[in-house]
Amino acid sequence: MDRSNARRWWVAVAGGVLTAAVVSTWFAFSARSAHAQGSGLVGGPPDIVVLVLDDLAPTQLRFLKGAPGDNRLRDQIRRLGIKRRVFKAAYSTTPLCCPSRASILRAQFAHNTGIHFNNPSSVGATDGGAIGFTQRSLDQSTIATWLNGAGYRTGLLGKYLNGYEAVNPPGFVPPGWSHWRSLYDLGQGGYWNFSLSENGVITSYPHNSDADYGTDVDRAKAIQFIASTPANQPLFMYVGFVTPHTPAIPAPRHAALRPTLVAPRPPGDPAYLEDDVTDKHPFIQAITLPRPQAEIDEEDQLYRDGSNALASVTDSIIDIISTLDATGRLDNTLLLILSDNGYSPLEHRLRGKRSPFAASVKTPLVALTKNGAWIGTNGATQSLVANVDIAPTITQLAGVSIPGGHHVDGISFVSLLQSAASPPPRNDVLVENFGPEPLGDGDPPSNYPAWSGIITGPGNVNANWKYVEYNDGFRELYDLTTDPFELINVVDDPDNLPLVATLHDRLIQLMNQ
Ligand SMILES: [Ca+2]
Ligand SMILES: [Ca+2]
């Protein structure tokens, strides 16, 4: 269904002028979805809300609960009977902003989107950034075009893809988005003094008052998008919060929430400034101890400010849920909260992302819904899921097919929503990094090697291992059951030779998928 047909269809539904053809199509659609996928579709196509945070360290997820002593989100969730599924083993297949977001939008590994970096690696290259995404015509087939084509009103708010401001024409609205409020000029990291493309019109948001804070502007835009969507049209809302990415500026009301918070350290996090790195790649061995106090202080400050800044995201989540409830949508909404990649505040001596270690590739992922057919009981799962699985999960719930010509690397995890005890949809996942940002991005160290790795999970005969191959031949193997902090590389243990051979073969297979 193209966009104009979809519109006509929804106008017909909204106006109560249902033709026999539309009615039969509708029932066939509902029955097919409920029967074939067991998704328990109620009340027509579901509403989908995806909140993407930026560089959220896995240990920072707890701060999304709200400011200390603020139980509003918890109380709201209880009062409304919202169920949650927490994914303990969710991964960003390429732990870097733009490649990960491209993978989310297209359900493809970065080696298949071709978006490897945040910016093109050279003039005219298309391997990074919003420019690469646009010039490769990747925006022609995304979660937005698929859902919009099926009648959804689609809205993107906040961060789209890195370097969006360089795409011509300025403020360009990609296909499939009915409503576009994308961050254009970041100003102070998108926290203050930014501009947005508002359906193609660039609008400045100077810092005149506290109300001009980025997350609060996103919150207002999100409420407006939900409230302005016709009652009988399903919505897909994607909000890219810049929080808690550097410069991690909290809202003024949250600046002093946790004045003494520092990044996790031993014994809670023994990977912090890992003392023995003789098992690690030479690029890590080159990061010698002790680290300068200024570096330690900077990372603690970033962790503290970012964690405090999350309180404004909590405010947004509360208001988004309230608006979905007030507009009668909440019973049939799936809300996903995730991050594009993790962040390492000095785990394994590293700052930032791009590494194969948990702090970088592991991302928070939480699903919330009132729909008991989707999530019956609260719970957490250790089954593997990945950013590439988000779009297949959403399209399955929506009863929308991804076009046949579109290569899909993701696997729907609807079954894990329904029951945390379901068989794992995937028993391994590929993670890959294509080297340092060619033009530099200020993330130290600047000499990140390229690497590819495989993580195995429950359901795999060799469960809970991480195996990594660097392009220079260096290899790593971690037993995630006995060594979840990845402190002891056991790739050279002779007992592991058969396992390494198996994981190598599967890694090559995934890299060529
Ligand atoms: Ca990011
Ligand atoms: Ca070690």
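Here are legends for a few close-up views of this predicted model.

Residues are numbered from 1 along each chain as its sequence is written, and chains are lettered from A and ligands numbered from 1 in the order in which they are written. In this prediction, local features need pLDDT of at least 70, side-chain atom pairs count only at pLDDT 80 or more, and totals for chains, interfaces and linings use all residues.

**View 1. Helix α10, end to end.** Helix α10 covers residues 293-326 (helices are DSSP runs of H or I, at least four residues, and strands are E runs of at least two, numbered from the N terminus). Its 34 residues should span 50 Å, taking 1.5 Å times one less than the number of residues, and the end C-alpha atoms do sit 50 Å apart. Just past α10, Gly328 has a positive phi of about 75°.

**View 2. Helix α8 beside α10.** The axes of α8 (residues 214-228) and α10 come within 9 Å and cross at roughly 10° (axes are lines fitted to C-alpha atoms, for helices over the stretch in contact; angles run from 0 to 180 degrees between N-to-C directions). Among the residues making the contact (C-beta atoms, placed from the backbone, within 7 Å) are Ile223 of α8 and Ile320 of α10.

**View 3. The open sheet.** Ten strands line up as β6-β5-β4-β3-β7-β1-β8-β11-β2-β12, with mixed pairing (strands pair if DSSP finds at least two bridges between them). At the edges, β6 (201-205) and β12 (379-386) each pair on one side only.

**View 4. β1 next to β7.** Strands β1 (residues 47-53) and β7 (residues 235-240) pair in the parallel sense over five bridges. Val52 has Gly240 of β7 as its bridge partner.

Note on methods:
Two residues are in contact if their C-beta atoms, placed from the backbone, lie within 7 Å.
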